[in-house]
Amino acid sequence: MEYTFIGAIVILGLIVLNKMAIIERQIKSQKFILDQILKQLEVNEHPINDEVRKLLKEQNDVKAIKMVREVLGLSLIEAKQYVDRIKIGD
């Protein structure tokens, strides 16, 4: 009985992980499409990016991430990824 319960939990966990992987792929695909649309429309980037670049040049990565979190309302991980994309792009 106990092994059946553990097996069911393992299977459920694998199903959830698979669904999460599918959703992550869909999000990446949608982000790519949105990036392409933004390039074609020549939409200006967020004004915070200039300030982030300034902080990165001063090697204040932590301040840049903190500012992005406050202004854009992102989580710590999202803000770090945002700052990293700006860092890589420049």
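Let me begin with a distance: the centres of domain 1 and domain 2, taken over C-alpha atoms, are separated by 25 Å. Please keep in mind throughout that what you have in front of you is a predicted model. The two domains in question are residues 1-43 for domain 1 and residues 45-89 for domain 2.

Now the overall architecture. The protein contains 4 helices and 0 strands, and, read along the sequence, the pattern is α-α-α-α. The radius of gyration is 19 Å, well over the 12 Å that the globule rule gives for 90 residues, so the protein is more spread out than a compact globule. Along its principal axes, the C-alpha trace spans about 60 × 30 × 20 Å. Of the 90 residues, 14% count as buried, and if we take the contacts with a separation of 6 or more, 39% of them are accounted for by residues 24 or more positions apart.

Let me turn to what the UniProt record says, bearing in mind that the entry is unreviewed. That record annotates residues 6-23 as a "transmembrane region", and in the model this span is 100% helix and 0% strand, with its end C-alpha atoms 26 Å apart. The record, again as an unreviewed entry, also places the feature "domain: Large ribosomal subunit protein bL12 C-terminal" at residues 59-85. Over residues 59-85 the chain is 81% helix and 0% strand, and here the end C-alpha atoms lie 15 Å apart.

I would like to spend most of the remaining time on the helices of domain 2, starting with α2. Which residues of α2 are buried? They are Ile48, Asn49, Val52, Leu55 and Leu56, and because they cover an arc of only 120° around the axis, they sit on the same side of α2. As a reminder of the geometry behind this, an α-helix has 3.6 residues a turn, so residues three or four places apart point the same way. On the other side of α2, Asp50 and Lys57 are exposed. As for what the buried residues of α2 pack against, the partners are α3 and α4.

After α2 comes a residue that may catch your eye if you look at backbone angles, namely glutamine 59, whose phi is positive, near 60°. Glutamine 59 is a residue other than glycine with a positive phi, and it belongs to the loop between α2 and α3. Is glutamine 59 buried or exposed? With a relative accessible area of 69%, where anything over 50% counts as exposed, glutamine 59 is exposed.

From that loop we move on to α3, which covers residues 61-72, and to leucine 72, which is found in this helix. Leucine 72 is partly exposed, with a relative accessible area of 27%. Leaving aside neighbours within four places in sequence, leucine 72 is in contact with His46, Ile48 and Tyr82. Of these, isoleucine 48 is 24 residues apart from leucine 72 in sequence, while the two C-alpha atoms are 9.0 Å apart in space. Ile48, as you will recall, is one of the buried residues of α2, and Tyr82 is one of the buried residues of α4.

That brings us to α4 itself, residues 76-89, a helix of 14 residues that reaches 20 Å from its first C-alpha to its last, close to the 20 Å expected at 1.5 Å a residue. Its buried residues are Ala79, Tyr82, Val83 and Ile86, and, seen down the helix axis, they fall within an arc of 90°, so they line one face of α4. What covers these buried residues includes α2 and α3. The other side of α4 has exposed residues as well, and these are Ile77 and Ile88, which you may want to locate in the structure, since I am simply reporting that both are exposed.

My last residue is lysine 87, whose place is also in helix α4. Lysine 87 is partly exposed, with a relative accessible area of 42%. What does lysine 87 touch, not counting residues up to four places away in sequence? The residues are Leu56 and Asp61. Lysine 87 and leucine 56 are 31 residues apart in sequence, and their C-alpha atoms are 7.3 Å apart in space.

Definitions and conventions
Residues are numbered from 1 along each chain as its sequence is written. This is a predicted model: local features need pLDDT of at least 70, side-chain atom pairs count only at pLDDT 80 or more; totals for chains, interfaces and linings use all residues. Side-chain values use heavy atoms; hydrogens and water are left out. UniProt positions are given in the numbering used here, feature names are shortened, and annotations may be inferred rather than shown by experiment. Helices (H or I, at least four residues) and strands (E, at least two) are DSSP runs, numbered from the N terminus. The expected span of a helix is 1.5 Å times one less than its number of residues. Buried means under 20% relative accessible area, exposed over 50%, partly exposed in between (1.4 Å probe, protein chains only). The arc is that of the directions from the helix axis to the C-beta atoms. Contact means heavy atoms within 4.5 Å. Domain bounds come from an automatic or database domain assignment. The radius of gyration is taken over C-alpha atoms; the globule rule is 2.2 Å times the number of residues to the power 0.38.
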